[in-house]
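Here is a structure to read with a few plain rules. Each turn asks how a label is earned and then checks it.

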Amino acid sequence: MSGPVTREDGAHEVFADLPPSPAVWCSGLHKRYKRRTAVDGVSFTVERGEVLGLLGPNGAGKTSVIKMLLGLVRADAGEVLLLGRRAADPNARARVGYLPELFRYQPWLSAAEVLALHVRLAGATVPEQERRDCLALVGLADRAGDRVGGFSKGMQQRLGLAVALVARPELVILDEPTSALDPLGRADVRDLLLSLKARGVAVLLNSHLIGEVERVCDRVVILDKGRVAASGTLPELLGQRELRLRLDAVGPEAEARLAAAGRLTRSGEGYAVALPAELDDAVVPDLVADLVRLGVRVHAVEPGRISLEERLLDILRTGPGAGGIRSEERSDEAGLRRLPGGLSERSERSQLSPGEEQR
Ligand SMILES: Nc1ncnc2c1ncn2[C@@H]1O[C@H](COP(=O)(O)OP(=O)(O)OP(=O)(O)O)[C@@H](O)[C@H]1O
Ligand SMILES: [Mg+2]
């Protein structure tokens, strides 16, 4: 059945070839509360099907950014697109699931009624069985008929998750979804996030549980004092590799050889060398061969990788004020906004850590 080709058809064909717009695109977000700047030029994107972790210390501006994305707080400056539409567009909002940081549902409603209410508010049609499945997904299957007023803190948070997921969102924004959950609940949420990702749903996750973020997030944005202090994929952020060695009979020449391989830290017989991210296969065997030639006795050589927690602390302690690259200054949208005080510079200097003296 082919009719005359209209202008709309032509436009449709052109747009069909374009990649889908990001789930979240925001640029230059600013927010002041009276004289306090809470958010100062934040820009980032969340791609479709991507899980992005938003990290940062208390008061860094994470919740303020989330509320500006959702139009719950008016930005002083900056722009937001959700699923390719203006954030105020009801068509965009209906496809976004949101778990707020602090919330209370009507205590007189049952869990099932809260879900039904939110489905109506989203303008969606979700059959009762699917709503029940959603409650089962968060471990509340047998509490569907119970009044929310009698729910424990963790059960309320589980219900909040069900509310965020029930209307089949394309983007889910979770502001500390597991802060009240028991370890089993946290593991469930991890699986849930991975299943959302597998279905192509984008997730923006704000959590202080760094191990959780490390397990599920594809990319991380670190906020500090309202600014993007660093962002990148996990391999980019954690690119730094560490080689742990247990050695004895280490003379000054051998120590200099270790320090030449990367930033060196020492505790007793244990040495740790931070190696460059792009590691040449020959670096480790060459180092070990040189150490043996220099008379060192090598008891153990163990490759490792720094954790996201260590990296986060490193970034926050170095601080944007000490040379952190701000979001506007970045040249490579996908790449790591590496801080000048970070690994690569230290490796070039091959310095010992503070408190260690090069013999
Ligand atoms: N409604 C408000 N009125 C005044 N100041 C506010 C308001 N909301 C946030 N702020 C301030 O903005 C800054 C950022 O707060 P925000 O809640 O965004 O931080 P956060 O990164 O989410 O912190 P946390 O990890 O503790 O949740 C803080 O200094 C906070 O005091
Ligand atoms: Mg917050």
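Q: Which helix supplies the largest share of the shell around ligand 1?
A: That is α2, with three residues. This is a predicted model: local features need pLDDT of at least 70, side-chain atom pairs count only at pLDDT 80 or more, and totals for chains, interfaces and linings use all residues. Residues are numbered from 1 along each chain as its sequence is written, while chains are lettered from A and ligands numbered from 1 in the order in which they are written.

Q: What makes a residue part of the surroundings of ligand 1?
A: A residue is near a molecule or strand if its C-beta atom, placed from the backbone, lies within 6 Å of it. The residues around ligand 1 are Tyr33, Arg36, Ala38, Gly56, Asn58, Gly59, Ala60, Gly61, Lys62, Thr63, Ser64 and Glu101. At least two residues of this shell come from β2 (36-46), and at least two from α2 (62-69). Such helices (H or I, at least four residues) and strands (E, at least two) are DSSP runs, numbered from the N terminus.

Q: How does the shell around ligand 1 divide into nonpolar, polar and charged?
A: Ala, Val, Leu, Ile, Met, Phe, Trp, Tyr, Cys and Pro count as nonpolar; Asp, Glu, Lys and Arg count as charged; the others, Gly among them, are polar. By that rule the shell has three nonpolar, six polar and three charged residues.

Q: How do you know that β3 and β8 pair?
A: Two strands pair if DSSP finds at least two bridges between them. Strand β3 (residues 51-55) and strand β8 (residues 202-206) share four bridges, in the parallel sense. Leucine 54, for one, has asparagine 206 of β8 as its bridge partner.

Q: In what order do the six strands of the open sheet with mixed pairing stand?
A: The order is β6-β7-β8-β3-β9-β10. β6 (96-99) and β10 (227-233) each have a single partner strand, so they stand at the edges, with one side of each left without a neighbour in the sheet. Neighbouring strands here are turned by 15° against each other on average, direction ignored.

Q: Which strands of this sheet does helix α7 touch?
A: Helix α7 (residues 183-198) touches β3, β7 (171-175) and β8. Contact here requires C-beta atoms, placed from the backbone, within 7 Å. The direction of α7 makes about 150° with that of β8. Helix α12 (residues 308-318) packs on the sheet too, touching β3, β9 (219-224) and β10.

Q: Why are α4 and α5 called oblique to each other?
A: Axes are lines fitted to C-alpha atoms, for helices over the stretch in contact, and angles run from 0 to 180 degrees between N-to-C directions. Under 35 degrees is roughly parallel, over 145 roughly antiparallel, 65 to 115 roughly perpendicular, and the rest oblique. Helix α4 (residues 111-121) and helix α5 (residues 128-137) pack at about 120°, with axes 10 Å apart. The pair is therefore oblique.

Q: Which residues make the contact of α4 with α5?
A: α4 gives Ala111, Ala112, Leu115, Ala116 and Val119, and α5 gives Arg131, Cys134 and Leu135. They divide into seven nonpolar, no polar and one charged.

Q: What makes α5 oblique to α6?
A: The axes of α5 and helix α6 (residues 153-166) cross at roughly 140° and come within 9 Å. That angle makes the two helices oblique. The contact is made by Arg131, Cys134, Leu135 and Leu137 of α5 with Ala162, Leu165 and Val166 of α6.

Q: How do you know that β4 pairs with β1 and with β5?
A: Count the bridges. Five join strand β1 (residues 24-33) to strand β4 (residues 77-82), running antiparallel. Two join β4 to strand β5 (residues 85-86), also antiparallel. Leucine 81 of β4 is the bridge partner of tryptophan 25, and leucine 81 stands opposite arginine 86 in β5.

Q: Which strands stand at the edges of the sheet β12-β13-β11-β14?
A: β12 (263-267) and β14 (297-305) do, because each has a single partner strand. The pairing in this open sheet is antiparallel. Within the sheet, six bridges join strand β11 (residues 241-248) to strand β13 (residues 270-275).

Conventions. Two residues are in contact if their C-beta atoms, placed from the backbone, lie within 7 Å.
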